[in-house]
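Open the model in your viewer and keep the selection box handy. We will go from stop to stop, and at each one you will find something to select and something to look for.

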Amino acid sequence: GVLKELEPVIDRLIVTQSTSSRALPVDTLYELAIGIFGPDRVYKESNLRSAITYAMEQCTLINQVSDGISAVVITGSVVTAGETKPIVRSIAGIEE
């Protein structure tokens, strides 16, 4: 699936609970991800905002001590995509 496709190009994976009624429980997704990425590369956050915040903070820290080539990739359902934009804009201090 998608996790196997992402594994070669993603250094760290942060999973969270989607608000979609069709989503896997976050604990199930976390265990599946550990099976593919290993326990040292998978992190779990309780909601999308905290997952995005954590990812952005980690990316900023990594870029400060490296060549600055790290980025955050957010993937999931159309529900996740719709919820992402206002969260990222809010974190960045951009008003709607």
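Before the first stop, a term we will need: a polar contact is a pair of N or O atoms within 3.5 Å; within protein, one must be able to donate a hydrogen and the other to accept it, and residues adjacent in sequence count only if both atoms are side-chain atoms. The model is predicted, so local features need pLDDT of at least 70 and side-chain atom pairs count only at pLDDT 80 or more, while totals for chains, interfaces and linings use all residues. Residues are numbered from 1 along each chain as its sequence is written, and side-chain values use heavy atoms, with hydrogens and water left out.

**Colour by confidence**

Start by colouring the chain by pLDDT, the predictor's confidence in each residue, from 0 to 100. The mean for the chain is 93, and 99% of its residues reach 70 or more. Helices (H or I, at least four residues) and strands (E, at least two) are DSSP runs, numbered from the N terminus. Among these elements, strand 2 (residues 42–44) has the highest mean pLDDT, 98, and helix 4 the lowest, 92.

**Select Gln58, then Gln64**

Gln58 lies in helix 3. Show its side chain together with that of Arg12: the two make a polar contact at 2.5 Å. Is Gln58 buried or exposed? Buried means under 20% relative accessible area, exposed over 50%, and partly exposed in between (1.4 Å probe, protein chains only). Gln58 is buried because its relative accessible area is 19%.

Now select Gln64, which also has its place in helix 3. Gln64 has a relative accessible area of 59%, so this residue counts as exposed. Draw a C-alpha to C-alpha distance from Gln64 to Val9: they are 55 residues apart in sequence and 20 Å apart in space.

**Select the largest nonpolar core**

A nonpolar core is a set of buried Ala, Val, Leu, Ile, Met, Phe, Trp, Tyr and Cys residues joined through side-chain atoms within 4.5 Å. Select Leu3, Leu6, Ile10, Leu13, Val15, Val26, Tyr30, Ala33, Phe37 and Val42: these 10 residues form the largest one. Helix 1 (2–6), strand 1 (13–15) and helix 2 (26–37) are the elements that give two or more residues to this core. Which element gives the most to this core? Helix 2 does, with 4 residues.

Stay here and centre on Val42. Contact means heavy atoms within 4.5 Å. Leaving aside neighbours within four places in sequence, Val42 is in contact with Leu13, Tyr30, Ala33, Ile34 and Phe37. Next, pick Ile34 in helix 2. On the same count of contacts, Ile34 touches Pro39 and Val42, not counting residues up to four places away in sequence. The C-alpha atoms of Ile34 and Leu13 are 9.3 Å apart, with their positions 21 residues apart in sequence.

**A short stop at Asp11**

Asp11 is in the loop between helix 1 and strand 1. Its relative accessibility is 66%, so Asp11 counts as exposed. Its C-alpha is 27 Å from that of Arg22, 11 residues apart along the chain.

**Finish on helix 4**

Select residues 78–92. Helix 4 has 15 residues and reaches 22 Å from its first C-alpha to its last, close to the 21 Å expected; the expected span is 1.5 Å times one less than the number of residues. At the start of this helix, look for a side-chain oxygen of Ser77, which reaches to within 3.2 Å of the backbone nitrogen of Val79.

Thr80, Thr84 and Ile87 are buried in helix 4, and its buried residues pack against helix 3 (48–65). An α-helix has 3.6 residues a turn, so residues three or four places apart point the same way. Not counting residues up to four places away in sequence, Thr80 touches Ser18, Leu48, Ile74 and Thr75, and Thr84 touches Leu48, Ile52 and Ile74.

Where is the kink in helix 4? A kink of about 30 degrees lies at Thr84, shortly before the proline Pro86. The bend at a residue is the angle between axes fitted to the seven residues ending there and the seven starting there. Last, step just past the helix to Gly93, which takes a positive phi of about 80 degrees.
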